[in-house]
Amino acid sequence: MADRPLLLFPTPVTADRSRRRSGFPNIHKPSIDRQGQRLSPIFTRLQTEFNERRVELQQTAAGAEPEQVLVIETVGSVENFANAVKRIAGLEWMDELDTDEIVPDEDFYNEQNADKELSGRLYFVMTNQQALREMLSLWKRYQVDPSMTFEHGLTKFRDVFRHLKDIRRWGVQDRIKETGALDIWCEDLKYDGGRAIRFEIELWFRGADDKRQEAQKQVQALIEGLGGSLLRNCTIPNIAYHALLAEIPANAAQQIIDHPEVELIKCDSVMFFRPVGQMAAGKRLVEDELLDHEVEEVSLPTGDPIVAILDGLPLTNHALLQDRLIIDDPDNYASAYNIPERAHGTAMASLVVRGDLSDDEPPLARHVYVRPIMKPTPSLESPYPEQIPDDILLVDHIHRAVRRMFEIEGSAEAAAPTIRIINFSIGDPHRPFTQALSPLARLLDWLSVKYGVLFIISAGNHSRRIDTGIPKAKFNALADSDKEASIVRALYRDARHRKIFSPGESINGVTVGALHNDAAVVSHIGQAVNLFQSLLPSPASPFGSGYRRAIKPDLLFNGGRALYRTPLDNTTNASFDVLRVSQGALGNKVASSSAISGELNKTVYLYGTSNAAALTSRMAAVFHDTLLDILEEQSPEIEFNTYLAPLLKAMVIHGCSWGKVGDRLQEILRTPSNARQVRNWISNWLGYGVPDSERVLSCTEQRATLLGFGQLGDGEAHLFNLPLPPSLGARREWRRLTVTLAWLSPVVASTQRYRAASLWFEVPRKDLASDRQNADWNAVRRGTVQHEVFDGHQAVPLTDEDALTIKVNCRKDAGKIDQPVAYGIAVTLEVAEGIDIAIYEEIRTRIASAVEVRARGEI
């Protein structure tokens with residue numbers, strides 16, 4: 001254990017939670033008469049379209065009574081509208097989604113800023129004809145008498161009518177044209193014109209099992225009518241997920257590409273058609289890039305694994321990995337692999353076990369559990385690329401893989417019940433996050449709570465061309481720092497096309513972007529271009545924010561320096577394409593497979609957010625064992641398994657700050673007119689910043705870090721008292737207070753709020769540290785981690801009895817909190833190193849007696 005280990009807070013004091021204030025802009029809304037002029041034709045059209053669809057269905061073999069999903073768009077939101085929907089027979093609540101891209105018009109606009117885009121909400125409801133008639137009847141009665149008394153439970157419809165912007169049917173454009181499925185089908189048929197096309201059908205999740213079965217049978221009949229077949233199905237009610245894996249012949253796929261208005265695509269039970277097998281990983285290895293690596297003899301791992309990797313199959317007998325991995329391959333994916341194809345899994349296992357080899361760190365002391373979820377897919381490339389197979393549903397695949405770790409299956413014991421960290425270093429480039437959570441993100445959120453595990457997720461890599469918008473000659477004449485700034489600005493202009501990949505929007509996971517940094521030493525990179533000389537995010541790293549504008553990515557870690565080249569085609573502006581194959585020894589150094597039989601000591605340099613996530617998982621594993629030592633030493637009587645995942649999450653984030661990266665981005669982006677926006681712009685790329693693990697593993701004479709934990713229900717709060725060092729009193733010295741609160745929230749999948757539990761801390765720091773640093777104070781409260789940094793210099797009189805009270809609050813957000821929510825909190829108080837203020841000792845001695853009380857009480 002370190003000379004100055006982290007300290008534990010005494011048992012917190014229970015209190016009532018604080019009330020949070022909220023405010024909304026003044027939105028101009030049309031009069032009732034104007035709403036009638038706008039909406040009556042829309043309602044008439046809906047009724048007509050419904051009747052036409054009913055006639056269409058009567059002419060088919062199924063002859064089903066039509067049900068259709070309506071998309072109801074409001075300016076602003078109407079809370080608890082779902083309860084009113086359930087009051088009308090034949091209406092069924094499907095989902096809701098926030099939107100902040102509503103274009104203002106003469107009817108709806110912000111009275112303070114008429115040109116500003118408006119925020120609102122999309123509500124999705126399934127309706128039959130009777131329910132539609134009743135809703136129209138309500139509308140007509142409201143039009144005649146706006147002061148009418150609505151029947152019990154239906155009052156929310158009045159609010160919806162008042163804020164209603166538009167209402168329409170969910171259609172073909174929504175189901176298939178905007179998911180990228182048709183583009184993928186075209187590519188597949190171009191490659192092999194006779195191949196059958198596989199795809200995922202995501203159905204609207206119906207609350208009743210008989211409705212789900214009816215929808216599935218309807219869709220299956222339509223698939224078979226095209227000569228296709230239903231291959232798999234999966235239903236997970238906890239995340240409102242019902243999906244099918246289907247296959248249709250090439251001629252049927254081509255028919256849909258040419259004329260999408262076929263019955264299968266028009267089926268109202270379908271939410272989305274999506275391509276499958278698109279999650280791939282890794283770059284093609286070139287034998288000339290591989291380097292030998294001398295492996296020193298070190299102790300073999302002992303103890304149960306606490307890190308799991310879901311990825312490709314590693315080269316288990318590589319000299320750097322031998323006897324350090326536990327491979328669990330129930331699907332026998334190993335039979336599909338040749339040695340050279342064991343690329344991405346080998347690299348990720350190498351980074352988790354040994355870190356960046358250029359840093360020469362010792363391997364983890366425990367085994368690492370690996371579950372292969374990808375396998376090589378035959379293609380024109382050699383070796384074959386690793387992908388999620390196209391004969392499975394990804395959500396089902398990951399669900400089964402994680403469940404197998406923790407639950408008994410038949411006569412088999414749980415495969416890895418001691419796992420606390422799961423590394424997920426792959427993402428779906430065809431599902432960038434915009435506003436709606438992907439089913440995979442919802443799955444990871446649910447599983448994290450169910451099994452008490454922390455998912456570490458890569459944010460995704462963008463290979464999209466960077467166009468500076470500056471003519472080549474003018475760009476080439478710029479100073480290097482100005483070239484760098486122009487590239488950063490170009491990336492921000494293109495940020496809407498460089499979003500986080502699914503499942504990086506997960507609210508409970510830690511999403512990791514890549515820092516353009518590594519420990520490699522190189523003097524020559526040939527014709528390649530290293531775009532950034534300053535410490536900055538990788539040009540390939542994506543932009544947030546996350547769900548409900550929460551901070552995403554959560555952090556950046558060393559992801560290796562990506563190299564670029566000027567385009568081969570003739571471009572007017574200075575532009576850059578990322579190199580698929582490295583040139584020179586830049587990047588994170590990792591173990592590699594080789595095409596030459598028997599070569600088991602090869603390494604290669606790679607870059608990307610996959611690397612950064614794997615290194616973060618390694619860091620979390622080191623924190624885990626340090627945390628166990630602290631808990632067992634300072635609080636042996638506490639059963640702490642419940643708190644491990646949220647405490648690890650808090651520790652991973654706690655060492656983060658914007659530092660030099662934030663300073664450089666501020667310098668590039670800030671103008672006199674955008675000062676209020678720059679913080680959000682920076683956090684969208686940088687998250688909470690770059691972690692410094694040493695700050696979390698131990699303390700110094702001038703820095704003390706304390707950990708706390710507990711469980712809270714709705715309306716409850718805990719008070720933590722941080723003793724303030726008397727020697728800091730009346731001193732005008734720089735000091736910093738860093739507070740990180742983390743939890744894993746249950747989720748309510750069918751609501752926009754989604755996050756069931758909202759936790760937040762409050763700290764009265766007015767005199768001690770009044771200057772808030774880094775991320776915006778509103779943004780840090782939107783997810784499941786609140787990380788804030790406060791600086792100060794003011795002289796504050798302190799006595800032996802003075803303490804800083806940190807209040808942790810909990811309230812329900814999306815729904816009822818059935819079980820108390822476990823959380824972890826980390827707090828650091830520090831002054832500049834070398835200042836003659838014994839922060840650590842003064843805090844340690846003042847909490848020592850209070851910690852003893854823990855043995856006589858419970859949280």
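Reader: Why is arginine 549 called partly exposed?

Author: Its relative accessible area is 48%. Buried means under 20% relative accessible area, exposed means over 50%, and partly exposed is in between (1.4 Å probe, protein chains only). The value of arginine 549 falls in between, so the residue is partly exposed. This is a predicted model, in which local features need pLDDT of at least 70 and side-chain atom pairs count only at pLDDT 80 or more, while totals for chains, interfaces and linings use all residues. Residues are numbered from 1 along each chain as its sequence is written, and side-chain values use heavy atoms, with hydrogens and water left out.

Reader: Where is arginine 549 placed, and what is its phi?

Author: Arginine 549 is in the loop between strand 25 and strand 26. Helices (H or I, at least four residues) and strands (E, at least two) are DSSP runs, numbered from the N terminus. Phi of arginine 549 is positive, about 60°, although the residue is not a glycine. The loop between strand 25 and strand 26 also holds proline 553, which a cis peptide bond with omega of about -5° joins to lysine 552.

Reader: What makes asparagine 774 count as buried or exposed?

Author: Asparagine 774 has 17% relative accessibility and therefore counts as buried. Its phi is also positive, near 65°, in a residue other than glycine. Asparagine 774 is in the loop between strand 37 (771–773) and strand 38 (785–792).

Reader: How do you know that the span of helix 18 agrees with its number of residues?

Author: The expected span of a helix is 1.5 Å times one less than its number of residues. For the 12 residues of helix 18 (residues 675–686) this should give 16 Å, and the end C-alpha atoms are 17 Å apart, which agrees.

Reader: Which residues of helix 18 are buried, and what puts them on one side or on opposite sides?

Author: The buried ones are Val678, Ile682, Ser683, Trp685 and Leu686. They cover an arc of only 165° around the axis, which puts them on the same side of helix 18. The arc is that of the directions from the helix axis to the C-beta atoms. An α-helix has 3.6 residues a turn, so residues three or four places apart point the same way.

Reader: What do the buried residues of helix 18 pack against?

Author: They pack against helix 14 (480–493), strand 26 (555–558), helix 17 (659–669) and strand 32 (690–691). Contact means heavy atoms within 4.5 Å. Asparagine 680 also lies in helix 18, but at 32% relative accessibility it counts as partly exposed. Asparagine 680 touches Asp776 and Ala779, not counting residues up to four places away in sequence. Just after helix 18, glycine 687 takes a positive phi of about 65°.

Reader: How many aromatic pairs are there, and why is the pair of tyrosine 492 and tryptophan 685 given its name?

Author: The structure holds 25 aromatic pairs. The ring centres of tyrosine 492 and tryptophan 685 are 5.5 Å apart and the planes stand at 85°, so this pair is edge-to-face. Rings of Phe, Tyr and Trp (its six-membered ring) pair if their centres lie within 6.5 Å; planes under 30 degrees apart count as stacked, over 60 as edge-to-face and the rest as tilted. Tyrosine 492 lies in helix 14 and tryptophan 685 in helix 18, so the pair ties together parts that are 193 residues apart in sequence. Tyrosine 492 is buried at a relative accessible area of 15%, and tryptophan 685 counts as buried at 0%.

Reader: What makes the pair of tyrosine 547 and tyrosine 754 stacked or edge-to-face?

Author: Their ring centres are 5.8 Å apart and their planes are at 80°, so the pair is edge-to-face. Both tyrosine 547 and tyrosine 754 are buried.

Reader: How do you know that the charged end of arginine 274 sits over a ring?

Author: A charge sits over a ring if NZ of Lys or CZ of Arg is within 6 Å of the ring centre and within 35 degrees of the ring normal. The charged end of arginine 274 sits over the ring of phenylalanine 272, 4.4 Å from its centre.

Reader: What makes a set of residues a nonpolar core, and how many residues has the largest?

Author: A nonpolar core is a set of buried Ala, Val, Leu, Ile, Met, Phe, Trp, Tyr and Cys residues joined through side-chain atoms within 4.5 Å. The largest has 134 residues, and Val488, Leu665 and Leu722 are among those with the most contacts inside it. Helix 15 (residues 609–634) gives the largest share of this core, 12 residues. A second, separate core of 47 residues includes Cys234, Ile239, Ile373 and Tyr451.
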